[in-house]
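Welcome! Please take a moment with the sequence and the model shown here, and then read on for a guided look.

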Amino acid sequence: MATVELRFSAQPEHVRTARLVAAAVARRAGVDEAVLDEVRLAVGEACSRAVGLHRGNGVTTPIRVVLTEEEKTFSIEVGDEVPGAASGVPGARAEAPGGESDDADGEDEMGLAVIRGLVDDVEVTAGDDGGTIRMSWPTTPAETDADILS
């Protein structure tokens with residue numbers, strides 16, 4: 001099992017880098033070429049969502065992206081460190097600094113809907129330490145030199 005971990009500050013300009021890294025690692029893991037655009041888009045949505053949550057709630061810790069290659073699957077976890085309901089269980093209301101209700105709730109739910117539309121296997125969790133979006137795709141085994149010669 002190979003793992004790549006990426007951490008970046010909650011700045012929108014870093015989302016593009018996360019998308020590029022995710023696509024490169026997914027390709028190397030054996031994710032079908034036809035699915036790579038979906039990987040890029042889903043990671044972009046998940047990272048943009050995490051950036052928005054961090055910025056909207058005054059969290060200064062980095063966003064974390066963990067890319068894991070297993071025997072038959074490739075998974076990506078995008079984690080934020082915004083505690084509780086603000087981490088995005090659909091329908092939950094985020095509290096903005098000062099205790100006001102956050103109007104970005106609709107954007108958050110839209111982002112999750114886009115991710116669910118792109119990825120068949122997606123799990124969203126939220127807790128006291130933050131939230132995680134876990135997405136996975138099937139992989140095809142890489143051809144070895146022995147496979148090619150036979």
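What follows is a short tour, from the whole chain down to a single residue.

**The chain as a whole**

Keep in mind that this is a predicted model. The chain holds four helices and five strands. If you start at the N terminus and walk along, the elements come in the order β-α-α-β-β-α-β-β-α. There are 150 residues in the chain, and 39% of them are buried. The surface left exposed is about 8,400 Å², with carbon and sulfur atoms supplying 50% of it. How do the contacts spread along the sequence? Counting contacts with a separation of 6 or more, 65% are between residues 24 or more positions apart.

**The sheet**

Now look for the strands. All five belong to an open sheet, and its order is β1-β2-β3-β5-β4, with antiparallel pairing. Which strands stand at the edges? They are β1 (2-8) and β4 (121-127); each has a single partner strand, so one side of each is left without a neighbour in the sheet. From one strand to the next, the twist averages 15°.

As background, strands of a sheet pair through backbone hydrogen bonds, either parallel or antiparallel. Two of the pairings here can be set side by side:

| Strand pair | Bridges | Direction | One pair of bridge partners |
|---|---|---|---|
| β2 and β3 | six | antiparallel | V66 and E77 |
| β3 and β5 | seven | antiparallel | T73 and P138 |

In sequence, β3 covers residues 73-79 and β5 covers residues 130-138. A hairpin of three residues leads from β2 to β3. Is β3 enclosed or open? Five of its seven residues are buried, so β3 is largely enclosed by the rest of the structure.

**Two helices and the sheet**

Next, turn to α1 (residues 15-29) and α2 (residues 36-56). These helices pack at an angle of about 145°, and their axes are 9 Å apart. Their crossing is right-handed. On the α1 side, the residues that meet α2 are V15, A18, R19, A22, A23, A26 and R27. On the α2 side, their counterparts are L36, V39, R40, V43, G44, C47, S48 and V51. Sorted by kind, the residues of this contact are ten nonpolar, two polar and three charged.

Both helices also meet the sheet. Helix α1 lies across β1, β2 (63-69) and β3, and runs at about 160° to β3. Helix α2 packs on the sheet too, where it touches β1, β2, β3 and β5. The direction of α2 makes about 180° with that of β5.

**A closer look at E77**

To finish, zoom in on one residue of strand β3, namely E77. Is E77 buried or exposed? The answer lies in between: E77 is partly exposed, because its relative accessible area is 32%. What does E77 touch, apart from its neighbours within four places in sequence? Its contacts are R64, V65, V66, T132, I133 and R134. Take V65 from that list: E77 and V65 are twelve residues apart in sequence, while their C-alpha atoms are 5.6 Å apart in space. V66, another of these contacts, is the bridge partner of E77.

Methods:
Residues numbered from 1 in each chain as written. Predicted model: local features only at pLDDT ≥ 70, side-chain atom pairs only at ≥ 80, totals over all residues. Heavy atoms only, no water. Axes fitted to C-alpha atoms, helices over the stretch in contact; angles between N-to-C directions. Left-handed = near helix turned anticlockwise from the far one by under 90°. Contact = heavy atoms within 4.5 Å. Nonpolar A, V, L, I, M, F, W, Y, C, P; charged D, E, K, R; others polar. Pairing = 2+ DSSP bridges. Buried < 20%, exposed > 50% of the residue type's maximum accessible area, 1.4 Å probe, protein only. Areas by Shrake-Rupley, 256 points an atom, 1.4 Å probe, with all protein chains shown as cover.
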